[in-house]
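Let's take a walk through this structure together, starting from a single residue and working outwards. Keep the 3D view open as you read.

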Amino acid sequence: MKRACNRSCNCYNKDMAENSSISPVISDPFSKDSYQVFKELLSQRVGAKRLAHSINVAKVARRLAKAYGADPDKARIAGILHDWDKGLSNEEVRDRALELGVQVDPMVITDMPWLLHGPTAAAALAREYPHLGADVFQAISRHTSGAADMSPLDCIIYIADIIEPNRTFGDMEGIERLRSLVGEVPLEELYFHAFKYTLEFLISTDRVLYPATIETWNILMRTYGHIAKLNIDIWDVPALD
Ligand SMILES: [Fe+2]
Ligand SMILES: [Fe+2]
């Protein structure tokens, strides 16, 4: 962190002004004041629609954290920051991934740049605001593609991103079902349903699948196959003809 000059000169520069404006972020990163600062900073990076979405994700993340015994203030901060890099074009986010040295499958860089905004946001925020912590950065990074070993905060941000009230596209019946399951099923199970919803949406809209997504699905099915009502041992299924 840059320090203010203590000489009696006129060197109060831009960096110092920025530091003073983000002081709540430094002193108490998960406070309401910090949230307001990050919200303001985000408003300078994304359009009104994305800002409204991020505010809703922060609110839903806070609610989910309360419902599932996680830290509501931390969830709110991760929620407001999850789309920090969503205002970048495909070209810009590719450049940013390379500049930040983000470790992702090369296929994502070339064919699926829209998945990069989670990992690049996490890396950029870790560089700028390291005190937010590795758990926040991981949740932000994973919100675009999920993972098999999601932490509670990872699950909360992933789910909040899908079920926030402004989500009015896609399979609304599926989203309503996810919303209705909040507090009714364990968090990891809710994540499984949300991941499945996303996968179904991607397939139904003829999207290319990230190979790691298929791998994640297969791992999740080991645990949640019975919930999918297959009523069979999924690792003892006869091969399809
Ligand atoms: Fe996103
Ligand atoms: Fe989002």
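Our starting point is Ile 159, which sits in helix α10. Keep in mind that the model is a predicted one. Is Ile 159 buried or exposed? It has 28 C-beta neighbours inside 10 Å, and a residue needs 20 or more to count as buried, so Ile 159 is buried. Leaving aside residues up to four places away in sequence, Ile 159 touches Leu 64, Leu 190, Tyr 191 and Ala 194.

One of those partners, Tyr 191, deserves a second look. Along the chain, Ile 159 and Tyr 191 are 32 residues apart, yet their C-alpha atoms are separated by 6.3 Å. With residues up to four places away in sequence again left out, Tyr 191 touches Met 150, Cys 155 and Tyr 158 as well as Ile 159.

Now follow α10 to Ile 163, which is found in this helix too. Ile 163 has 23 C-beta neighbours inside 10 Å and therefore counts as buried. Its contacts, not counting residues up to four places away in sequence, are Val 60, Ile 175, Leu 178 and Arg 179. You can also look from Ile 163 across to Ala 194: the two are 31 residues apart in sequence, with 8.8 Å between their C-alpha atoms.

Let's widen the view to the nonpolar interior. Which residues touch the most other members of the largest nonpolar core? In this core of 54 residues, they are Ala 61, Ala 78, Ile 140, Ile 156, Ile 159 and Tyr 191. The element that gives the most to this core is α10, with 9 residues.

Ile 140 from that list leads us to helix α9, which spans residues 134-142 and is mostly covered, with 7 of its 9 residues buried. The buried ones are Val 136, Phe 137, Gln 138, Ala 139, Ile 140, Ser 141 and Arg 142. What covers them includes α5 (72-81), α8 (117-128) and our earlier helix, α10 (152-163).

Of these neighbours, take α8. Its axis and that of α9 come within 6 Å and cross at roughly 155°. Angles over 145 degrees count as roughly antiparallel, so that describes how α8 runs against α9. The crossing of α8 past α9 is right-handed. On the α8 side, the contact is made by Gly 118, Pro 119, Ala 121, Ala 122, Leu 125 and Ala 126, while α9 brings Phe 137, Ile 140, Ser 141 and Arg 142. By type, the residues of this contact divide into 7 nonpolar, 2 polar and 1 charged.

For a contrast with the interior, turn to Asp 206, in the loop between α12 (187-204) and α13 (211-224). Asp 206 has 6 C-beta neighbours inside 10 Å, which means that it counts as exposed. Its backbone is worth a glance too. Most residues other than glycine have a negative phi. Asp 206 is not a glycine, but its phi is positive, at about 55°.

Finally, step back to the whole chain. The protein chain holds 13 helices and 0 strands. Of its 241 residues, 33% are buried. Among contacts between residues at least 6 apart in sequence, 57% join residues at least 24 apart.

Methods. Residues numbered from 1 in each chain as written. Chains lettered and ligands numbered in written order. Predicted model: local features only at pLDDT ≥ 70, side-chain atom pairs only at ≥ 80, totals over all residues. Buried ≥ 20, exposed ≤ 12 C-beta atoms within 10 Å, placed from the backbone. Helix = DSSP H or I, 4+ residues; strand = E, 2+ residues; numbered from the N terminus. Contact = placed C-beta atoms within 7 Å. Axes fitted to C-alpha atoms, helices over the stretch in contact; angles between N-to-C directions. Parallel < 35°, antiparallel > 145°, perpendicular 65-115°, else oblique. Left-handed = near helix turned anticlockwise from the far one by under 90°. Nonpolar A, V, L, I, M, F, W, Y, C, P; charged D, E, K, R; others polar. Core = buried A, V, L, I, M, F, W, Y, C linked by C-beta atoms within 7 Å.
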